[in-house]
Amino acid sequence: MCTFLFRRSERIHSAKMASGGLSVASLWTEVNRCGQNGDYTRALKALTKILHENRDDVTALHCKIVCLVQNGSFKEALNVMNTHSKVLGSEVVFEKAYCEYRLNRVESALKTIEGAPEQTDKLKELYGQVLYRLERYDDCKSVYTDLIRNSQDEYEEERKTNLAAVVAAMSQWEKAPLEDLGLPESTYELCYNAACALIGQGQLTEAFNKLRQAEELCRVSLADDSDVTEEDIESELAVIHSQMAYVTQLQGRTDEALQLYNQVIKLKPSDVGLLAVTANNIITINKDQNVFDSKKKVKLTNAEGVEYKLAKKQLQAIDFNKALLAMYTNQADQCRKLSSSLQSQNPGHPRPVLIQVAQLCREKQHSRAIELLQQFSDQHPESASGIKLTMAQLYLIQGHVTKACDVLRSIEEFKHKSGMVSALVTMYSHEEDIDSAIDIFKQAIGHYQSEQPGSAAHLALVREAANFKLKYGRKKEAISDLEQLWKQNTNDIHTLAQLISAYSLVDTDKAKSLSKHLPSADTMSFNVDVDELENSHGATYVRKKAAKVTGENLPKEQGQGEIKKKKKKKKGKLPKNYDPKATPDPERWLPMRERTYYRGKKKGKKKEQIGKGTQGATAGASAELDASKTASSPPTSPRPGSASGSSAAPSSNVVPPRQQKPAASGATRKKAPQKKKKGGKGGW
């Protein structure tokens with residue numbers, strides 16, 4: 001950090017007067033007093049008067065730069081240094097590099113430090129900070145290790161804390177193995193950094209315990225200060241709680257993690273980097289659910305200055321989640337825009353392409369998605385493993401099983417893995433391509449035969465290949481695999497039995513000779529528990545229970561299951577008027593109208609139809625309006641032998657029956673039954 005300068009020029013001792021009536025000596029006295037009191041604004045006023053008298057006073061310029069730095073006016077300080085660069089020379093190399101670092105011009109700060117004529121301790125301190133920001137962790141570790149070894153002052157603990165942070169970053173982002181540098185864990189910062197290093201190694205339980213320890217150390221160290229409130233302590237603990245939530249989330253306890261994350265968000269810490277990471281992790285828990293909350297949280301990741309607080313991989317993860325959130329919220333254009341931008345920034349990274357493919361699949365454009373994956377696979381073969389797995393999945397969705405198999409077989413990295421072999425054999429079996437499935441086994445067995453002969457994975461593949469060939473009747477091909485297994489373990493009776501069974505259809509003499517190696521029946525039946533065998537799940541014979549003896553309660557034998565009682569078959573019920581002497585009707589199973597002796601229903605007086613007819617009609621009203629029941633009304637149809645029935649009266653008020661239009665083919669409405677017209681004896 002910058003320190004105030006109290007050097008004075010020899011020529012100031014003269015009695016020269018400043019323009020304000022004060023001597024230059026008195027102005028320097030004012031500058032010295034303000035510097036000791038920390039009043040840098042007042043010191044700047046005195047320095048301005050001094051520089052008014054002598055514009056190129058190196059000491060005054062240097063002091064002015066330090067005052068501006070202490071007030072946080074880094075741009076103005078840098079302007080002063082650039083304006084008077086010829087006068088100042090290398091006097092302000094540290095101040096210039098520090099201002100560039102604070103203005104996030106890290107590359108410029110690096111050039112300034114490396115171009116310094118002398119590497120002082122304070123320049124080395126700043127050099128370590130710059131290297132850490134540039135994520136050059138190996139060089140940064142060397143700088144801090146050298147500083148700790150060659151310096152002895154009150155800042156040794158801070159240097160060790162920074163070195164612990166470098167080790168944690170290397171473990172987290174570069175997956176470097178942990179190196180014991182002999183760093184203590186006496187403070188909560190050191191303990192916290194040690195926990196971060198353990199997280200990078202996947203030791204989550206140990207990391208969580210270490211974070212608990214850091215929390216206790218923090219509370220103890222801050223409780224001694226009377227000026228620190230409980231809110232200040234919780235604010236300082238926010239970063240520890242957020243990291244504890246991250247470990248909990250990795251362990252699958254998302255509810256607990258979400259509670260801790262929300263607790264940190266409610267505190268509203270001033271660290272924008274902490275807020276951005278916490279909000280991003282909440283979004284990952286929400287996924288495609290609780291989208292409204294995710295849209296609120298994503299605003300915290302866009303805060304000003306976040307890009308200077310986080311590592312590149314953290315910023316990259318946040319950008320990926322923004323694109324996924326746009327996809328989940330059906331913002332297709334926004335998703336495509338973000339994923340395209342990510343692909344241009346990370347041309348070899350497969351995730352932006354996978355996000356674009358996911359969006360295309362949501363739009364049912366599977367063919368276009370496969371083309372995009374194939375294009376990326378051709379351009380970046382080093383990152384094609386995950387891409388080809390996705391291609392195979394899309395081919396399976398479309399029903400192209402053989403194409404999916406071809407894609408999977410082209411992945412050299414997973415070609416001989418047991419999971420890949422299993423998937424390919426299953427898919428070829430589904431397509432009834434047994435030869436290709438056997439070829440998969442052959443290639444995998446050949447690979448393990450040359451790389452890991454006799455290993456557990458090798459023998460497991462041989463056994464599965466033999467079982468597969470036996471299942472599909474390829475006994476000749478299975479013999480060589482079974483012989484290989486039996487030679488590895490001649491005491492394996494199961495393999496021997498399979499080998500004899502396979503030889504029995506190919507070479508009976510060989511089968512007989514191998515049968516001699518089978519153990520005798522007495523040996524195989526030795527120590528067999530008959531009761532346990534009878535009560536086993538696959539037993540077909542069930543022993544009846546013995547009759548219970550009254551007055552005795554015999555204890556059940558241990559391991560003997562309860563025998564279920566057989567349900568008695570119930571006899572069918574007979575009708576009430578059943579006569580065992582009478583011969584049953586042979587047509588009793590047919591409906592009444594289909595029986596030979598059915599003569600139809602007897603015609604009798606029709607009962608009044610209640611509730612039938614047009615809406616609102618009643619039985620009495622229909623009787624009054626029925627023309628056939630009135631004496632004066634003419635018959636609706638001619639009587640037999642009547643000549644007048646051939647011509648109908650044109651003024652007749654009899655309403656003809658309403659005709660229904662035939663229903664269209666495929667219609668679901670049912671045709672209403674047509675009413676019969678009432679009339680006389682010659683009616684319809």
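UniProt positions are given here in the numbering used for this structure, and such annotations may be inferred rather than shown by experiment. With that in mind, the UniProt record, an unreviewed entry, places the feature "repeat: TPR" at residues 238–271. The model you are looking at is predicted. In this model, residues 238–271 are 79% helix and 0% strand, and the C-alpha atoms at the two ends of the stretch are 10 Å apart.

## Charged pairs

Let us turn to the salt bridges. The structure holds 24 of them. One joins the side chains of glutamate 179 and lysine 141, with 2.9 Å from N to O. Glutamate 179 sits in the loop between helix H10 (156–173) and helix H11 (188–200), while lysine 141 belongs to helix H9 (residues 137–150), so this pair ties together parts that are 38 residues apart in sequence. The two partners have their own surroundings: glutamate 179 is partly exposed at 46% relative accessibility, whereas lysine 141 is buried, with a relative accessible area of 18%.

Another salt bridge links arginine 159 to aspartate 153, and here the closest N and O atoms are 2.7 Å apart. Arginine 159 is buried, at a relative accessible area of 5%. Its partner, aspartate 153, is partly exposed at 31%.

A further salt bridge pairs glutamate 371 with arginine 368, their closest N and O atoms being 3.9 Å apart. Both lie in helix H20 (residues 366–379), and because they are three residues apart there, about one helical turn separates them. Arginine 368 counts as partly exposed, with 39% relative accessibility.

## A network around glutamate 234

Salt bridges can also join up. Arg212, Glu215, Arg219, Glu230 and Glu234 are linked in a network of them. Which helix holds glutamate 234? Glutamate 234 lies in helix H13, which covers residues 230–250. This residue is buried, with a relative accessible area of 16%. The side chains of glutamate 234 and arginine 219 are also joined by a polar contact of 3.4 Å. Leaving aside residues up to four places away in sequence, glutamate 234 touches Arg219, His241, Gln263 and Leu267.

## Aromatic pairs

How many aromatic pairs does a search of the whole structure find? The search finds five. Two of these pairs are set out below.

| Pair | Arrangement | Centre to centre | Angle between planes |
|---|---|---|---|
| Phenylalanine 74 and tyrosine 98 | edge-to-face | 6.2 Å | 70° |
| Phenylalanine 468 and tyrosine 472 | tilted | 4.8 Å | 50° |

The pair of phenylalanine 74 and tyrosine 98 links distant parts of the chain: phenylalanine 74 is in helix H4 (residues 74–83) and tyrosine 98 in helix H6 (residues 93–102), 24 residues apart. Phenylalanine 74 is buried at a relative accessible area of 12%, and tyrosine 98 is buried at 6%. Together with Phe94, Phe74 and Tyr98 form one aromatic cluster.

In the tilted pair, phenylalanine 468 is buried, with a relative accessible area of 9%. Tyrosine 472 counts as partly exposed at 32% relative accessibility.

## Cysteines

A disulfide is a covalent bond between the sulfur atoms of two cysteines. With a cut-off of 2.5 Å between cysteine sulfur atoms, the count for this structure comes to zero disulfides. Are cysteine 99 and cysteine 218 buried or exposed? Cysteine 99 is buried at 0% relative accessibility, and cysteine 218 is buried at 0% as well.

Conventions
Residues are numbered from 1 along each chain as its sequence is written. This is a predicted model: local features need pLDDT of at least 70, side-chain atom pairs count only at pLDDT 80 or more; totals for chains, interfaces and linings use all residues. Side-chain values use heavy atoms; hydrogens and water are left out. A salt bridge is a side-chain nitrogen of Lys or Arg within 4 Å of a carboxyl oxygen of Asp or Glu. Helices (H or I, at least four residues) and strands (E, at least two) are DSSP runs, numbered from the N terminus. Buried means under 20% relative accessible area, exposed over 50%, partly exposed in between (1.4 Å probe, protein chains only). A polar contact is a pair of N or O atoms within 3.5 Å; within protein, one must be able to donate a hydrogen and the other to accept it, and residues adjacent in sequence count only if both atoms are side-chain atoms. Contact means heavy atoms within 4.5 Å. Rings of Phe, Tyr and Trp (its six-membered ring) pair if their centres lie within 6.5 Å; planes under 30 degrees apart count as stacked, over 60 as edge-to-face and the rest as tilted.
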